[in-house]
Amino acid sequence: MSQVFSDLFTLHGQVAVVTGAASGIGKATARLLAAAGARVVVADKDLEGAQRVADDLGNDSFAIAFDLTEDASIRTMFLYISEVCGRLDILINNAGIYPRYALQDVTQAQWHDMQTVNVWGCFMVLREAALLMRAGGNGGRIVNLSSIGGARTAVHDQVVYNASKAALDSITQSAALEFAGDRILVNSILPGAVAPLDPKVKTAGHAAPTGPLLTPGRILLGRAAHANEIAAPILMLVSAAGAYITGQTLIVDGGFSIS
Ligand SMILES: NC(=O)c1ccc[n+]([C@@H]2O[C@H](COP(=O)([O-])OP(=O)(O)OC[C@H]3O[C@@H](n4cnc5c(N)ncnc54)[C@H](O)[C@@H]3O)[C@@H](O)[C@H]2O)c1
């Protein structure tokens, strides 16, 4: 192999956008991509949280506010990135929501709101990023944060969420096909259970989730993932190590899906 080992995961000179990077998987991923040398755009609805993350990253990384429910804010964000950074190499399409609704009670408004954020909003982000990458002519990498729920039944009361992630995985395949000629590779990561990076505020009346994913023994590795254990395979997909992988849905669930 002509490539030396240390070159496989380096991102020096590259610009990466991580959406939803003020917390959780996005925050862990922003930190890892910056450690690999990328200039990271920390994009989130929560600008203060994004700023706190960006402050520690180095490489001229910066925070930016955007909202998946506002098409104009998505377009403005990529225009700004194009002007300030002059290029875009990597998109981690991570921001998303996961409220649970009982199947028998779910309303059209709840259905619509979830698909607007997790499907249309993420599609808009992917499309704007891919068009910017295409214009740059340097290829690119896109990773969509899906969920094991898009492929396997995992948690009760997630019919709306699961449908949104199955749609996102379908978008991954279509986009991989459409952009392969531009050397833009598109993949999904499907985490199983992930422990919160920071303590979550529990809302009143919040019931703990139940279902196969929460059943003792079903996760073969016996625990939820740390967010860093999702970020690491994301780095593989966006670095030279992932140069021949596109259109795939990579399950990272500690063995749940085969138990
Ligand atoms: N945590 C898990 O167990 C798990 C499992 C499987 C898949 N996932 C997926 O991974 C991704 C990240 O999950 P997480 O647990 O780290 O989430 P999180 O709730 O910790 O963080 C999500 C971030 O997205 C931002 N966000 C939410 N709505 C937004 C909007 N409309 N516009 C812009 N930003 C918005 C939030 O401000 C937040 O910083 C999600 O797509 C989620 O569906 C998570």
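**Cores and salt bridges**

Let's start at one side chain. Beyond its neighbours within four places in sequence, F78 is in contact with V17, L88, V125, E128, A129 and L132. Keep in mind that this is a predicted model.

Now the wider setting. F78 is one of the residues with the most contacts inside the largest nonpolar core. The others named there are V17, V41, F66, L88 and I142. That core has 34 residues. Which elements give two or more residues to this core? From the strands, we have β1 (15-19), β2 (39-44), β3 (62-65) and β6. From the helices, we have α3 (71-85), α4 (108-136) and α5 (159-179). α4 gives the most, with 10 residues.

There is another core, apart from this one. It has 30 residues. Among them are A21, V40, A63 and L237. As background, nonpolar side chains tend to be buried together in soluble globular proteins.

L237 takes us to helix α6, residues 228-238. Its buried residues are I230, A231, P233, I234, L235, L237 and V238. What do the buried residues of α6 pack against? One helix, α1 (24-35), is on the list. The strands are β4 (90-93), β5 (140-145), β6 (184-191) and β7 (249-252).

Next, charges. Side chains of opposite charge can pair when their charged atoms come close. How many salt bridges does the structure hold? It holds 5. I'll take three of them in turn.

First up, R87 and D89. Their closest N and O atoms are 2.6 Å apart. Are the two partners buried or exposed? R87 has 32% relative accessibility, so it counts as partly exposed. D89 has a relative accessible area of 4%, so it is buried.

Next, R134 and D182. This salt bridge spans 3.0 Å, N to O. R134 lies in helix α4, and D182 lies in the loop between α5 and β6. The pair therefore ties together parts that are 48 residues apart in sequence. R134 is partly exposed, at 38% relative accessibility. D182 is partly exposed too, with a relative accessible area of 23%. Remember α4 from earlier: that helix gives the most residues to the largest core, and it also holds R134.

Last pair: R223 and E229. Here the closest N and O atoms of the salt bridge are 2.8 Å apart. R223 is partly exposed, at 45% relative accessibility. E229 is partly exposed at 33%.

That's the tour. Happy to go back to any of these.

Key. Residues numbered from 1 in each chain as written. Predicted model: local features only at pLDDT ≥ 70, side-chain atom pairs only at ≥ 80, totals over all residues. Heavy atoms only, no water. Buried < 20%, exposed > 50% of the residue type's maximum accessible area, 1.4 Å probe, protein only. Helix = DSSP H or I, 4+ residues; strand = E, 2+ residues; numbered from the N terminus. Contact = heavy atoms within 4.5 Å. Core = buried A, V, L, I, M, F, W, Y, C linked by side-chain atoms within 4.5 Å. Salt bridge = Lys/Arg side-chain N within 4 Å of Asp/Glu carboxyl O.
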